[in-house]
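Have a look at the structure below and turn it around a few times. Let us walk through it together, from the whole chain to the empty spaces in it.

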Amino acid sequence: MTDIDQRLRTLLDRQDITDCLTRFSRGMDRFDRDLFLSAFHPAAVIAAGDFTGGPDDLYEWAHALHEDGQIATHHYLLNHSCEIDGDVAHCETYYLFAARNHDDTNWLAGGRYLDRLDRHAGEWRIILRNNVIEWSGMLPTMPIPFADSGRNPVAARDRTDPSYLRL
C-alpha cells in the first residue's frame, strides 16, 4: 500500500469513527434508540456518571434521566484525537453537554469521552467507554427570540423532529 493509500485509509477510518460518535450524540438528543445503539457493539461496557453497564441499559438509564430532567439536550462533540491500529482505535473526544431543564434552568457540563472502538465486518463501533466529567454548572434561562413566531420548525425529541424530514 502506498503512503497516499494509507493516508486515505486512515482518513476514511477517522471519518467512520466520527460518524459513530455522532450517532451516539444525535441518538440521545433525539431519543432515537436504534441510532444510539448503532454506535455501540452489543457487548460494549460504558461508564457514565453513576452508571456502568451495556448499551441497552445505558440508553434506558440516560433516556429516563433526560426525559425526567430536561426539555432539550445537546451533546456537542469537540476536540478529537484518535489512534488507529488495525481494527482497534483509541479515541479521546472532548464534549460539551447543554440542556434546558424542566425547572427553567440551563445545565452545562464538559468532559471527555475515552473510547476504544473495534471494527467488525468493516464497521467501527464503541466497545469500551469512560466518561470523564470535568465540570458542571447551572445557568438561568432567557426567552428564545422568535421561538413562537410560527416561522421556525418546532424541535421534538423523537422522529417527528424536523431533522428527520428530507426536504
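The paragraphs below begin with the chain as a whole and then visit two pockets.

Before we start, keep in mind that this is a predicted model. What is the chain built from? The protein chain contains 3 helices and 6 strands. If you follow the sequence from start to end, these elements come in the order α-α-β-β-α-β-β-β-β. Try tracing that pattern with your finger on the screen.

Next, zoom out. Taken along the principal axes, the C-alpha atoms of the protein chain fill a box of roughly 55 × 40 × 25 Å. The protein chain has 167 residues, and 37% of them count as buried; here, buried means under 20% relative accessible area. The accessible surface of the chain comes to about 10,200 Å², and carbon and sulfur atoms account for 57% of that surface.

How do distant parts of the sequence meet? Take the contacts between residues at least 6 apart in sequence: 55% of these join residues at least 24 apart.

Now for the empty spaces. Rolling a probe the size of a water molecule over the atoms shows where empty space is left. The largest pocket has a volume of about 620 Å³. Its lining is made of 21 residues, and the closest to the pocket centre are Ile71, Ala72, Arg100, Ile144 and Ala155. Which elements give two or more residues to this lining? They are β3 (70-85), β4 (88-101) and β5 (105-120). Of these, β3 gives the most, with 4 residues. Sorted by class, the lining of the largest pocket has 13 nonpolar, 4 polar and 4 charged residues.

The second largest pocket holds about 370 Å³ of space. Look for Ala48, Trp61, His66, His75 and Asn131, which lie nearest its centre among the 21 residues that line the second largest pocket. Here the elements that give two or more residues are α1 (3-29), β1 (40-48), α3 (55-69), β4, β5 and β6 (123-140). Which element gives the most to this lining? That is α3, with 5 residues. By class, the lining of the second largest pocket has 15 nonpolar, 5 polar and 1 charged residues.

To finish, go back to the picture and find both pockets yourself. For the largest pocket, start from β3, which gives the most to its lining. For the second largest pocket, start from α3, which gives the most to that lining.

Technical notes
Residues numbered from 1 in each chain as written. Predicted model: local features only at pLDDT ≥ 70, side-chain atom pairs only at ≥ 80, totals over all residues. Heavy atoms only, no water. 1 Å grid on protein atoms, 1.4 Å probe; cavity = no way out; pocket = protein on both sides within 12 Å on 5 of 7 lines; lining within 4 Å. Points joined across faces, edges and corners; volume = space filled by probe spheres on them. Nonpolar A, V, L, I, M, F, W, Y, C, P; charged D, E, K, R; others polar. Buried < 20%, exposed > 50% of the residue type's maximum accessible area, 1.4 Å probe, protein only. Contact = heavy atoms within 4.5 Å. Areas by Shrake-Rupley, 256 points an atom, 1.4 Å probe, with all protein chains shown as cover.
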